[in-house]
Amino acid sequence: AGRRPEEELTKESQFEKAEFRRGRKALEAQVDKARCELNGLEEKVRALKNEMKNRSDILQKWIFDQFILHNASGETKTITEIFAGEGIVAPGGTGECAGIKLLEYAYRNGLKPVEIGEFWYGETLGDGLRTHGRFHPSCSSKCGPLLRFMLQGLDIEDENAPKNYSLIYQDRDVVVVEKPSGMLSVPGKTVGKSLLEYLQEDLNGDILPVHRLDMDTSGLMVFARNAETQAELGRQFEERTTGKTYVAVVDGNVEKDSGEICLGIAPDWENRPRQMVSADGRQARTIFKVSRHLSDGRTEVFLKPLTGRTHQLRVHCAHPEGLGHPISGDRLYGSKKTDALLLHATHLEFDLRSERLSFDSPRPSYWPEN
């Protein structure tokens with residue numbers, strides 16, 4: 001008793017299924033209508049964004065066309081002309097930096113610039129390298145082309161004018177040399193002759209690059225004399241089977257005697273060629289050991305990079321989570337010292353013809369004694 005007939009239940013089930021299909025179809029029609037309206041609105045948004053970008057580009061170009069700068073020779077050019085001469089387009093905000101404005105004020109008022117430096121003022125930024133009171137050089141993306149024009153006609157003293165390199169070792173396969181601070185490892189765009197070019201001229205033969213040192217870093221480098229050796233040494237550097245040790249002097253007191261620094265590094269695109277510490281950057285590892293504490297409060301350290309990132313040692317020294325003090329003379333990362341960068345590649349070893357070759361280089365003559 002109380003049981004419903006099977007035929008009645010079947011009809012009820014069929015009715016509910018039909019109702020469900022009708023309801024789903026009605027909802028799908030509403031979704032399609034809403035999607036169509038959304039697509040139309042998104043298309044309007046894209047059109048407005050494109051119009052805004054076009055208007056912004058036109059306005060920015062107009063501003064750069066009116067933005068006239070002088071150099072020490074009395075020549076004038078607009079920002080548009082300066083960047084066009086280098087085959088690039090000026091990014092937004094170009095010309096608004098303090099150094100550019102100070103130089104332009106000097107030229108317009110008949111003043112001769114003698115020396116200029118920019119320092120970071122205020123709260124430390126997220127990269128940890130721009131801290132209050134530290135030297136902060138002009139960026140290369142915006143200020144670089146402007147300064148190359150505006151400094152024309154000034155008698156600029158090159159504080160770190162490099163002396164000639166020192167030949168340490170050579171045979172049929174390799175050349176080992178000591179690069180001075182201030183000399184490029186390989187040819188660049190705007191600076192003088194590189195070590196590679198000197199070697200190609202002086203040794204009158206094939207000299208091929210294997211690795212690099214920053215222009216301001218001094219010390220040991222190896223070059224190959226044939227393609228086979230270049231490939232083999234390149235493999236060793238890539239696989240980290242070479243031995244490299246640097247000695248550096250940093251601006252403050254390093255309390256720990258030794259340790260390892262592990263901080264990811266990424267390009268600082270707005271302030272190239274600077275690099276910055278980033279959780280999304282490439283892993284970078286450096287072993288450090290304090291050599292001695294100097295009487296002026298600075299510290300000499302040995303640095304052994306376990307990876308080979310751009311500016312790795314310089315960033316790891318300067319960052320608060322690294323040694324917390326920039327390398328002396330490293331104005332790119334905040335040193336207040338203005339002499340040569342105190343970073344020297346003091347030891348280099350690699351395998352050649354089934355033999356381990358090892359070389360050592362003493363500290364440069366300008367190195368602090370105590």
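User: In this predicted model, is Gly92 buried, partly exposed or exposed?

Analyst: Gly92 sits in the loop between α2 (79-84) and α3 (98-108). Its relative accessible area is 41%. Buried means under 20% and exposed means over 50%, so a value of 41% makes Gly92 partly exposed.

User: Which residues does Gly92 touch, not counting residues up to four places away in sequence?

Analyst: A contact requires heavy atoms within 4.5 Å. With residues up to four places away in sequence left out, the residues that Gly92 touches are Gln60 and Lys142.

User: How far apart in space are Gly92 and Arg331, C-alpha to C-alpha?

Analyst: In sequence, Gly92 and Arg331 are 239 residues apart. In space, the separation of Gly92 and Arg331 from C-alpha to C-alpha is 25 Å.

User: How many disulfides does the model contain?

Analyst: A disulfide requires two cysteine sulfur atoms within 2.5 Å. The cysteine sulfur nearest to that of Cys143 belongs to Cys97 and is 3.4 Å away, so Cys143 is in no disulfide. For the model, the count of disulfides is zero.

User: Where do Cys36 and Cys143 stand, buried or exposed?

Analyst: The limits are under 20% relative accessible area for buried and over 50% for exposed. Cys36 has a relative accessible area of 56%, so Cys36 is exposed. Cys143 has a relative accessibility of 1%, so Cys143 is buried.

User: Which residue forms a salt bridge with Lys11?

Analyst: Lys11 lies in helix α1 (residues 6-66), and its partner lies in that helix too, four residues apart, about one turn of the helix. Lys11 is exposed at 52% relative accessible area, and the partner is exposed at 57%. The closest N to O distance is 3.6 Å, and the partner is Glu7.

User: Where in the chain are Asp214 and Arg314, the two residues of a salt bridge at 3.1 Å?

Analyst: The side chains of Asp214 and Arg314 meet in a salt bridge, with 3.1 Å from N to O. This pair links distant parts of the chain, 100 residues apart. Asp214 is in the loop between β5 (208-209) and β6 (218-224), and Arg314 is in helix α7 (residues 312-318).

User: Is Arg314 buried or exposed?

Analyst: Asp214, its salt-bridge partner, is partly exposed at 24% relative accessible area. Arg314 has a relative accessibility of 6%. The limit for buried is under 20%, so Arg314 is buried.

User: What is the distance between the closest N and O atoms in the salt bridge of Asp296 and Arg298?

Analyst: Asp296 is partly exposed, with 43% relative accessibility, whereas Arg298 is buried, with 11%. In their salt bridge the closest N and O atoms are apart by 2.8 Å.

User: Which residues are linked with Arg353 in a network of salt bridges?

Analyst: By the salt-bridge rule, the model has a count of 25 salt bridges. Some of these residues join in a network, and those linked with Arg353 are Asp171, Arg172 and Asp173.

User: Which residues form a nonpolar patch on the surface with about 320 Å² of accessible area together?

Analyst: One member of the patch, Ile63, is found in helix α1. A patch residue needs over 30% relative accessible area, and Ile63, which is partly exposed, has 34%. The residues that form this patch are Leu59, Trp62 and Ile63.

Key. Residues numbered from 1 in each chain as written. Predicted model: local features only at pLDDT ≥ 70, side-chain atom pairs only at ≥ 80, totals over all residues. Heavy atoms only, no water. Salt bridge = Lys/Arg side-chain N within 4 Å of Asp/Glu carboxyl O. Buried < 20%, exposed > 50% of the residue type's maximum accessible area, 1.4 Å probe, protein only. Patch = residues over 30% accessible without salt bridge, like charges linked within 9 Å, V, L, I, M, F, W, Y side chains within 5 Å. Areas by Shrake-Rupley, 256 points an atom, 1.4 Å probe, with all protein chains shown as cover.
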